[in-house]
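Colleague: Could you take me through one part of this model in some detail? I would enjoy a close look at a single helix and how its residues are placed.

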Amino acid sequence: MTEVTSKIQTKNALSQKAAIAVIVVAAGRGSRAETSLPKQYALVAGKTVLAHTIRALTIALPSCIIKVVIHPDDVALYEETRSSLGNNGDTISHTLGGATRQDSVYAGLAALADTPPDYVLVHDAARPFVSEKLISNLLTTLNTGAKAVIPALPVTDTLKRASGAIISDTVSRENLYRVQTPQAFSFTDLIAAHKNAPHQNFTDDAAIFEHSGGQVQICTGSEANFKITCPDDFTKAEAQIMMTHADVRVGSGYDVH
């Protein structure tokens, strides 16, 4: 699919005047990233990871509502990031998250409930490369009647099960997928699923939706839409940003102040 086709499909998906909100989950501590700050506030190419993520979302969905769910200790870091977005930051608001990802997403949903959107997308703050094409895939699937759709890529690596350091067997990769965000839902259905979910620290919202008995569809994800998790991912992210923004001129590395 060409970039032009992707933009047309996104516009067509929005032509039904559906109200769309995005919850950006940014309350985690990201200890595996080994940064002194939570990884969403570490700098990549001169801006925080969260700033890159929000910028990508506003490009893909310029008219959407963005609700950032943050840790109570990170208010000043969040406000600094929001200010760095210029006028785009004026349309973004935040709410405080909870002890788990499940708690934080529910806090975001509750903060939107007074003026509920038709659709809600739940996105990781540490995935700064969401594209218009991926958003188009999600919205197109929702507009065909799906209540939940998530981006996924088929597993291509050989999978092993091990006990300690000893391989016990090889796991078939048939029908296995790597799941990404944003995950997209009917707002009414997702908040109902959250209200009725036991607190089992679900790691994504598709699992909560499945637990409620809902059917989740998949659409094609993107290899570029990776999640910054480990130290090496910052180098990968900076290289990807440099390739897509040729005018950026900064030193390498990430912020650890």
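Modeller: Happy to; here is a walk around helix α6, followed by a surface patch and the cysteines. This is a predicted model, in which local features need pLDDT of at least 70 and side-chain atom pairs count only at pLDDT 80 or more, while totals for chains, interfaces and linings use all residues. Residues are numbered from 1 along each chain as its sequence is written, and side-chain values use heavy atoms, leaving out hydrogens and water.

Helix α6 spans residues 187–195 (helices are DSSP runs of H or I, at least four residues, and strands runs of E, at least two, numbered from the N terminus). Phe187, Leu190, Ile191, Ala193 and His194 are buried there (buried is under 20% relative accessible area, exposed over 50%, partly exposed in between, with a 1.4 Å probe and protein chains only). Viewed down the axis of α6, these buried residues fall within an arc of 155°, so they line one face of the helix (the arc is taken from the directions from the helix axis to the C-beta atoms). The face turned away from that buried side carries the exposed Thr188 and Lys195. Cover for the buried residues of α6 includes α4 (101–112), β6 (119–124), β11 (183–186) and α7 (205–211), where contact means heavy atoms within 4.5 Å.

On to strand β10 (residues 177–179), where Tyr177 is found. Tyr177 is partly exposed, at 42% relative accessibility.

As for the cysteines, Cys64 is buried at 11% relative accessibility, whereas Cys230 is partly exposed at 35%. A search of the whole structure finds zero disulfides (pairs of cysteine sulfur atoms within 2.5 Å).
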